Amino acid sequence: MDAYDGASKAPHGPDEPGAAPAEAQDSPPDGQEGTPSAGPDVTSPDTPRAPAPPPDGRPGVAALSVRYQIGVAVALAVVAVGVCVHLGMVFLHVAPPNTLTKQHGKAIDDWIFPEFEQNWKLFAPDLLQQNIAVQVRAQVRTADGGIRTTGWYDLSAQDGRAIDGNPLPSHTQQNELRRAWDYFVASHDAENRPMGLRGSLSETYLRRIVLLRLDRENAAGKGGVVDLVQIRSRTTNVPPPKWSDERVSKTPVYRVLPWWSVTAARTEGA
């Protein structure tokens, strides 16, 4: 019996009947915790991997060398200073008159004009209460050598007809002629004399616009040539509403410029 008992306690082979399962053989004794074996870390191919850190462990600009960091800092400082100066100049341009604008008005105008010009004022808007029409006429040398003067072409009325009923009017139709005339008036005195270089530039700009418009209207006629042009503005007050007691003049006011020689302007390249 002892021999049989001992034989019954002997370990069985894997293929022998009565052998215990592998889990049972490897399971720890009762009351003891098993320690998992350290096997290879198998990761799924679809598992996202964390991005590799920079070689020196610092992200962004900090990963650059000191020389490049100084270059980036200087570039950012220059951009920041430029933005602050521009915003300050625009603010002083549109702000009401003050000590700074009185002392440094020329520097502010040199910065603003002509690229950053603003036609509105901060804190004190002055709404336009007048209708200003720009008109032009020409002196034409005809094909047979004669001279004739055309009637007045109302260029502002032409722009108005082009804008009326147009859901997407062009910038040229809305602003080109109006801004050119405002530019001329702002750079000339009451006697139509230019004030500095801006005055001469405004004359050239306005002359080019009216010549293009006259050419579009075929003002010279067949075989004719435009020798002189004359520009004027016709200003009328906007009538007040019916409920207002305000009274304004209905008589138009004209500002007539001298004749400009087109031949001389072409010779000068204007």
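**Salt bridges and helix packing**

Me: D159, E176 and R213 are linked in a network of salt bridges. What makes D159 and R213 a salt bridge?

Reply: The structure is a predicted model, in which local features need pLDDT of at least 70, side-chain atom pairs count only at pLDDT 80 or more, and totals for chains, interfaces and linings use all residues. Residues are numbered from 1 along each chain as its sequence is written, and side-chain values use heavy atoms, with hydrogens and water left out. A salt bridge requires a side-chain nitrogen of Lys or Arg within 4 Å of a carboxyl oxygen of Asp or Glu. The closest N and O atoms of D159 and R213 are 3.3 Å apart, so the pair satisfies the rule. D159 lies in helix 6 and R213 in helix 8 (residues 197–216), so the bridge ties together parts 54 residues apart in sequence.

Me: How many salt bridges does this rule give?

Reply: The count comes to six. Among them is the pair D189 and R193, whose N to O distance is 2.9 Å. Another is the pair D110 and K106, at 3.1 Å. D110 and K106 are four residues apart in helix 5 (residues 105–112), which means that about one helical turn separates them.

Me: Are D159 and R213 called buried or exposed?

Reply: Buried means under 20% relative accessible area, exposed means over 50%, and partly exposed lies in between (1.4 Å probe, protein chains only). D159 has 11% and R213 has 3%, so both are buried. By contrast, D110 is exposed at 51%, and K106 is exposed at 64%. R193 is also exposed, with 51%.

Me: Why are helix 6 and helix 7 called roughly antiparallel?

Reply: Helices (H or I, at least four residues) are DSSP runs numbered from the N terminus. Axes are lines fitted to C-alpha atoms over the stretch in contact, and angles run from 0 to 180 degrees between N-to-C directions. Angles under 35 degrees count as roughly parallel, over 145 as roughly antiparallel, 65 to 115 as roughly perpendicular and the rest as oblique. The axes of helix 6 (residues 155–163) and helix 7 (residues 171–186) cross at roughly 160 degrees and come within 9 Å. These two helices are therefore roughly antiparallel. L155, S156, D159, A162 and I163 of helix 6 make the contact with Q173, Q174 and L177 of helix 7, where contact means heavy atoms within 4.5 Å.

Me: What makes helix 3 and helix 5 roughly perpendicular?

Reply: The axes of helix 3 (residues 66–94) and helix 5 cross at roughly 115 degrees and come within 10 Å, so the pair is assigned to the roughly perpendicular class. On the helix 3 side, the contact is made by V85, H86, M89, V90, L92 and H93, and on the helix 5 side by I108, D109, W111 and I112.

Me: How is helix 7 oriented relative to helix 8, and which residues meet?

Reply: Helix 7 and helix 8 pack at about 150 degrees, with their axes 9 Å apart. That angle makes helix 7 roughly antiparallel to helix 8. E176, L177, A180, W181, Y183 and F184 in helix 7 meet residues of helix 8 including R198, L201, E203 and R213. By class, this contact has nine nonpolar, one polar and four charged residues. Ala, Val, Leu, Ile, Met, Phe, Trp, Tyr, Cys and Pro count as nonpolar, Asp, Glu, Lys and Arg as charged, and the others, Gly among them, as polar.
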